[in-house]
Amino acid sequence: MIHLLRGLAANPALPADLLDRLVGLVGSDAISDPHDELPSALSDRTDLTADQVRALAAADEIAAIRFAQTGLLDIAGMDPLDRPEVTLAVLDEGAGPPDWARALAHHPSDWTRWRLASRPGMPPDVLEVLAVDPDVEVVGELGIWTTEPELAARLAAHPHAHVRMTTAVNESVPPAALAALITGEGLDPALACLACDDEDTRADRDRSMGGTCTGGHESTVLHTLERAARNPSTPPAAAASLAGHPSVIVRWALAERTDLPQELYARLAADPDSDVRKETAGNPALGEPLLRALAAAGEPDVRRLLTRHPGIPVDALAHLAFSVRLDPERLPRLATATPRELTELAASPHAPVRALAARGRVLPAGVRDALAEDPDASVVKSVASHPGLSEDRLRAMVARHGVHVLGQVAANPDAPGPLLAELARHDPPVRRALRAIAVHPNATEAALLPCLSEARAAADAALHPALSAAVLTDLVAHTDEGMAEAAAANPSLPPSVMEELIARCGPDA
């Protein structure tokens, strides 16, 4: 029954009296919710009364945390040490008195202090306490998150290599301090790292992550360079000095930067390691000459990544369409293509290029309609979900190309209910079409019923407002818990059925 109660908890049409009864079940012996999903679902509602918020917060810590995040939690009289996770959530939102942070800064749990170190807006005295915490990992966490440049600079020069490494990612560290982490100039050698600390458990944990130390804290220093190379606050010249570093992870991090000379990107694009080459190919700072060169001569994985590059010239993207299978959901250059560019692509004698144009979303109406009548199924498939196509054109697509375009036609926002019902009854069923119909705002009950037989469409269909009360009443008793839960969340479910479901879990059930 708990899956049905979760559905009701998410149902926006749940009557106020039934909502009150459902809140009362949380934490009671009447239900068993091993994953605490019911209070989580209830805490997402926007119609809870103050009394219901208090009851849920008292009964469940996850609900209390969510209320803290949304500003609904009443913190008056709250003991910050009673539930530290809730206190941390309050501090996350900039609420709670400064003394709460001071209390947690001295908490006996390393985990709690470590979590506190990432919280924003803490008083200066709390920052100083955490900066000298006996657990070096707490200090390291502070190094990641502090926004105080002076403190960040101190932690970047901390005698423990772990703190230097974590602080190297912090963009608040002054550029000179970040450069010193790379060059070593003006920086005293680190005295320790996690791998050579005296605490056996800490050393074991670091070694399990690949940490090594023979006296020079080698692995920690390497990861420090990697993080400093990636940090945008590191001076470009200092970062560029790592271009020939023997470690792949350092060169890989460098390839993410967007402020390097084009000559250096060209060098990284020819790196011996394929991961570095691929990372470089995705860098938005690459100039057009290098993009064209890589599109013409790059290896297959690089060319595939270039299709997703926001700066790739449209004609180069068209060239790539012949050798790379394009992902229609990941072609950002098409989002910025002009109508003129798309029109030129649509006039190509090559179907892959016309299919590319068909995926554009600023197609002139005449070009769109012409592509809808293209003799090549791949082109029609690419344009079938485009808004603005008439019902006659959508039906003509299906008549000419059948199952090849059914899923895309079903996803067209202008597809009418009767057409969707016909597509849903296609024999054999087209699963992609059923999944699109299940969430289509124009879907009728006749279109939705076949969707209930498709595993990945069933829950969405059960949640659709076009389903009748009679169908939903049957669905809440279905053996498929996901579908039954979705039906319970459907606003069209009769209140009498909602009441019955809650009554079956009540203390007198």
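Rings of Phe, Tyr and Trp, the last taken by its six-membered ring, pair if their centres lie within 6.5 Å. By that test this predicted model holds 1 aromatic pair. The partners are Trp111 and Trp114. Their ring centres are 5.2 Å apart, and their planes differ by 15°. Planes under 30 degrees apart count as stacked, so this pair is stacked.

The sequence spacing fits into the picture. Both tryptophans belong to helix 8, residues 110–116. They are 3 residues apart, so about one helical turn separates Trp111 from Trp114. Neither ring pair member needs a long description. Trp111 is partly exposed, at 49% relative accessible area. Trp114 is partly exposed as well, at 29%.

Just before this helix comes a loop. His107 sits there, between helix 7 (98–105) and helix 8. Its relative accessible area is 14%, so His107 is buried. Beyond residues up to four places away in sequence, His107 touches Leu81, Pro84, Thr112 and Arg113.

Helix 8 also leads to the core. The largest nonpolar core has 140 residues. Which members touch the most others? They are Leu8, Leu22, Leu116 and Met397. Helix 25, residues 351–358, gives the most to this core, with 6 residues. In soluble globular proteins, nonpolar side chains tend to be buried together. Leu116 has a long list of partners outside its neighbours within four places in sequence. They are Leu88, Leu91, Ala101, Leu104, Ala105, Met122, Val126 and Leu130. A second, separate core holds 16 residues, among them Ala177, Leu225, Ala229 and Ala238.

Leu130 points onward to a helix pair. Helix 9 covers residues 124–131 and helix 10 covers residues 136–145. Their axes lie 8 Å apart and make an angle of about 135°. The two helices are therefore oblique to each other. Leu127, Leu130 and Ala131 make the contact from helix 9. Val138, Val139 and Leu142 make it from helix 10. The contact residues divide into 6 nonpolar, no polar and no charged.

Next comes the loop between helix 11 and helix 12, where His160 is placed. Is His160 buried or exposed? With a relative accessible area of 9%, His160 is buried. Leaving out residues up to four places away in sequence, His160 touches Val136, Ala192, Cys193, Leu194 and Asp197.

The following loop, between helix 12 and helix 13, contains Pro174. This proline is partly exposed, with a relative accessible area of 28%. Apart from neighbours within four places in sequence, Pro174 contacts Pro149 and Ala153. For a sense of span, take Pro174 and Gly482. They are 308 residues apart along the chain, and 52 Å separates their C-alpha atoms.

Helix 13 runs over residues 175–183. Its buried residues are Ala177, Leu178, Ala179, Ala180, Leu181 and Ile182. Ala177 is also one of the residues in the second core. What covers the buried residues of helix 13? The cover includes helix 11 (149–156), helix 12 (161–167), helix 15 (218–230) and helix 16 (236–240). Gly184 follows helix 13, and its phi is positive, near 80°.

A positive phi also turns up away from glycine. Most residues other than glycine have a negative phi, and most peptide bonds are trans. His217 has a phi near 55°, a positive value in a residue other than glycine. His217 lies in the loop between helix 14 (200–208) and helix 15. At 7% relative accessible area, His217 is buried.

Further along the chain is helix 30, residues 417–424. Why is helix 30 largely enclosed by the rest of the structure? Because 6 of its 8 residues are buried. These are Gly417, Leu419, Leu420, Ala421, Leu423 and Ala424. They pack against helix 28 (391–401), helix 29 (403–410), helix 31 (431–438) and helix 32 (445–448).

The loop between helix 30 and helix 31 contains Pro428. The peptide bond from Asp427 to Pro428 is cis, with omega near 5°.

Methods: Residues numbered from 1 in each chain as written. Predicted model: local features only at pLDDT ≥ 70, side-chain atom pairs only at ≥ 80, totals over all residues. Heavy atoms only, no water. Axes fitted to C-alpha atoms, helices over the stretch in contact; angles between N-to-C directions. Helix = DSSP H or I, 4+ residues; strand = E, 2+ residues; numbered from the N terminus. Parallel < 35°, antiparallel > 145°, perpendicular 65-115°, else oblique. Contact = heavy atoms within 4.5 Å. Nonpolar A, V, L, I, M, F, W, Y, C, P; charged D, E, K, R; others polar. Core = buried A, V, L, I, M, F, W, Y, C linked by side-chain atoms within 4.5 Å. Buried < 20%, exposed > 50% of the residue type's maximum accessible area, 1.4 Å probe, protein only. Phe/Tyr/Trp six-rings, centres within 6.5 Å; stacked < 30°, edge-to-face > 60°.
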